[in-house]
Amino acid sequence: MIDFERKDTRRRLIDAATDWLSHHSAQALTLEAVAKHAGVSKGGLLHHFASKEALVEAVLRELFASFERQVSERAAGEPDQPGRWLRAYVAATYADHAPPLDVFVNLLSQITAQPGLLELVRGDFLRWQARLLDDGVPAERATIVRQAADAFWSERLLDVAATDDASRQRQRDALFALIAGEAL
């Protein structure tokens, strides 16, 4: 069980739901289970999240924010030149601690079944696409790099392609070369 004692209640509930979703399906997620896992009463949970859907949305928003922080941290360490955000996006996607795939797998059915969650995913995609297209790299190349990184992530999400560390590094390096405009 996660040590939730030092976190505020809302944060504890989101972390508890995320932890729950890393081990159970979204259909098995209940407000009672999350409240118990976080050490909060159901009433305390309902104070912060009026429904399971609201809690799932908060988890999804936190996952997006976490990935954005990872990319931003990497971008801060990149030279201020074209492709900075693309390199950071690729590096974060190919990192060992990329967004938690088990949670996304368990959320996938909820995302596709709830129009509001699907719109949230679309909005996140559009924000990234706009940022990456405004990174000083030709639009077609930027889109191809983003699509390749997203495909890598999706293949891992669906567990359809096993990639060893050396292969993953070669793929990442090829995308970096593409960002720089180098021939592959």
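Me: What makes the contact between D165 and R168 a salt bridge?

Reply: In this predicted model, the side chains of D165 and R168 meet with N and O 2.9 Å apart. The rule asks for a side-chain nitrogen of Lys or Arg within 4 Å of a carboxyl oxygen of Asp or Glu, and therefore the pair qualifies.

Me: Where do D165 and R168 lie?

Reply: Both belong to helix α9, residues 165–179, and they are three residues apart, about one turn of the helix. An α-helix has 3.6 residues a turn, so residues three or four places apart point the same way.

Me: Why is D165 called exposed, and why is R168 called buried?

Reply: The relative accessible area of D165 is 55%; exposed means over 50%, so D165 is exposed. R168 has 12% relative accessibility; buried means under 20%, so R168 is buried.

Me: What makes R172 and D173 a salt bridge?

Reply: Their side chains meet at 3.0 Å, N to O. The limit is within 4 Å, so the pair is counted as a salt bridge.

Me: Why are R172 and D173 called partly exposed?

Reply: R172 has a relative accessibility of 24%, and D173 has a relative accessible area of 33%. Partly exposed lies between the 20% and 50% cut-offs, so the term applies to R172 and to D173.

Me: Which residues are joined into one network by salt bridges that share partners?

Reply: The network consists of R11, D15, E62 and R69. By the rule applied here, the count for the model comes to 13 salt bridges.

Me: How do you know that E68 and R131 form a salt bridge, and which helices hold them?

Reply: The closest N and O atoms of E68 and R131 are 3.2 Å apart; the rule requires within 4 Å, so the pair satisfies it. E68 is in helix α4 (residues 52–76) and R131 in helix α7 (residues 115–133), so that the pair links distant parts of the chain, 63 residues apart. E68 has a relative accessible area of 29% and R131 a relative accessibility of 28%. Both E68 and R131 are partly exposed.

Me: How do you know that the span of α7 agrees with its number of residues?

Reply: At 1.5 Å a residue, the 19 residues of α7 should span 27 Å. The end C-alpha atoms are 26 Å apart, which agrees.

Me: Which residues of α7 are buried, and what do they pack against?

Reply: The buried residues are L117, L120, D124, W128, Q129 and L132. These buried residues of α7 pack against α4, α5 (84–94), α6 (101–113) and α8 (139–158).

Technical notes
Residues numbered from 1 in each chain as written. Predicted model: local features only at pLDDT ≥ 70, side-chain atom pairs only at ≥ 80, totals over all residues. Heavy atoms only, no water. Helix = DSSP H or I, 4+ residues; strand = E, 2+ residues; numbered from the N terminus. Buried < 20%, exposed > 50% of the residue type's maximum accessible area, 1.4 Å probe, protein only. Expected span 1.5 Å × (residues − 1). Contact = heavy atoms within 4.5 Å.
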